[in-house]
Amino acid sequence: MLSFVHQALPTRVIFGAGSLARLPDELRRLGLSRALVLSTPQQADSAQALVSNLDGFAAGSFTGAVMHTPVEVTEAAMAVVGALGVDGIVAVGGGSTTGLGKAIALRTDLPQIVVPTTYAGSEMTDILGETKAGVKTTRRSPAIQPEVVIYDVDLTLGLPPALSVTSGMNAIAHAVEALYAVDGGPMVSLMAESAIAAFAKSLPAILADPGERAAREQALYGAWLCGTCLGMVSMALHHKLCHTLGGTFDLPHAETHTIVLPHATAYNAGAAPEAMARIARALGAPDAARGLYDLAGRLGAPRSLKELGMPEAGIDRAADLAVANPYRNPRPIERDAIRALIARAWAGDPPA
């Protein structure tokens, strides 16, 4: 018998080309006049330009966001929040910037507006992953959920093809795990399958022509769907492994997701046949795990953790950390099998 619980997300979504122009209206609607604009160092010029364009709404900028949301960076940003009398957050960028905005919101309950420039998807969730002393931990809270997300395809046109590919594969991972989540449901499954199909079509087109607006729009639409799935359900083995690997070995977030995804999918294949059928159908492939691995290969994405600089000696440590705390997953978490999975991902072998 069909049985599920569906919880809709409270985030207001504005989607469309040129929609960044609506940012002042959204700040006004939230009653904000001293927003802090966040970015990474690489996007500092864009952040400062946005501050200048938000005359009367922005207090300044903080451009120190980095991967995995280190607590020390959040503390530096909090000092700026206090010094400038900030009343809201505008995070412009990918998952690093979004994560910093969430960390500030968790500590202050300030309202957030997120303007994604990648396909990370985390902007649609109440999930925050923070790193302290080399260990990444995850928490959920209503205070973490952004109030507004503005998806403007124009802001993704300059995203380099290689980053577009890994960012898109990272987003696909949210949809894959949503399909076998213990708290999933029919609406989530529909969105997840549609999202995977959107990326399977758009990422090769973006690689062929990075300025193809229709492909960029389709990928951003897929990112919204993937992020929405991520925010509605519990993630499982794949995300646990990626957080462990990223936080412990300081590996790049999207690339790590790209490499691990086929292997985590293969691990769960026998325990989640319906999910595997949906994934394969969306990819147009006979097998879900191999389809993900082959898609990454066609797109020229990295397929081995050793390419990212993970030491082979770290495989056992990663396996130990991955099984340290129990979590829900379709297939029971077995240390030897997890170690074998990580070893294949490290070497770049096809999923087994």
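In which sense, and over how many bridges, do strand S2 (residues 35–38) and S4 pair? In this predicted model, S2 and S4 pair in the parallel sense, and four bridges link them. The legends below take the sheet, one of its strands, a surface patch and the cysteines in turn.

**View 1. Six strands form an open, parallel sheet.** Read across the sheet, the strands follow the order S1-S8-S5-S4-S2-S3. Strand S1 and strand S3 (58–62) stand at the edges, and because each has a single partner strand, one side of each is left without a neighbour in the sheet. From one strand to the next, the twist averages 15 degrees.

**View 2. Strand S4 pairs with S2 and with S5.** The pairing between S4 (residues 88–93) and S5 (residues 112–116) is parallel and runs over five bridges; within it, Val 90 has Ile 113 as its bridge partner, and Gly 93 has Pro 116. Towards S2, which pairs with S4 over four bridges, Ile 89 of S4 stands opposite Leu 36.

**View 3. Both faces of strand S4 are covered.** In a regular strand, side chains alternate between the two faces of the sheet. In S4, Gly 88, Val 90 and Val 92 lie on one side, while Ile 89, Ala 91 and Gly 93 lie on the other, and all of these residues are buried. The strand is accordingly described as mostly covered, with six of its six residues buried.

**View 4. Val 13, Phe 15 and Tyr 221 form a nonpolar patch on the surface.** Together, these three residues have about 230 Å² of accessible area. Val 13 belongs to strand S1 (residues 12–15), which stands at an edge of the sheet, and Val 13 is partly exposed, with a relative accessible area of 30%.

**View 5. The structure holds zero disulfides.** A disulfide is a covalent bond between the sulfur atoms of two cysteines. For Cys 229, the closest cysteine sulfur is that of Cys 226, at 6.3 Å, which is too far for a bond; Cys 229 is buried, with a relative accessible area of 0%. For Cys 242, the closest cysteine sulfur is likewise in Cys 226, but at 14 Å, so this pair too is too far apart for a bond. Cys 242 is also buried, with a relative accessible area of 5%.

Technical notes: Residues are numbered from 1 along each chain as its sequence is written. This is a predicted model: local features need pLDDT of at least 70, side-chain atom pairs count only at pLDDT 80 or more; totals for chains, interfaces and linings use all residues. Side-chain values use heavy atoms; hydrogens and water are left out. Patches are made of residues with over 30% relative accessible area and no salt bridge: like charges are joined within 9 Å, nonpolar side chains (Val, Leu, Ile, Met, Phe, Trp, Tyr) within 5 Å. Accessible areas come from the Shrake-Rupley method with a 1.4 Å probe; for residues, only the protein chains shown count as cover. A salt bridge is a side-chain nitrogen of Lys or Arg within 4 Å of a carboxyl oxygen of Asp or Glu. Helices (H or I, at least four residues) and strands (E, at least two) are DSSP runs, numbered from the N terminus. Buried means under 20% relative accessible area, exposed over 50%, partly exposed in between (1.4 Å probe, protein chains only). A disulfide is a pair of cysteine sulfur atoms within 2.5 Å. Two strands pair if DSSP finds at least two bridges between them. Axes are lines fitted to C-alpha atoms, for helices over the stretch in contact, and angles run from 0 to 180 degrees between N-to-C directions.
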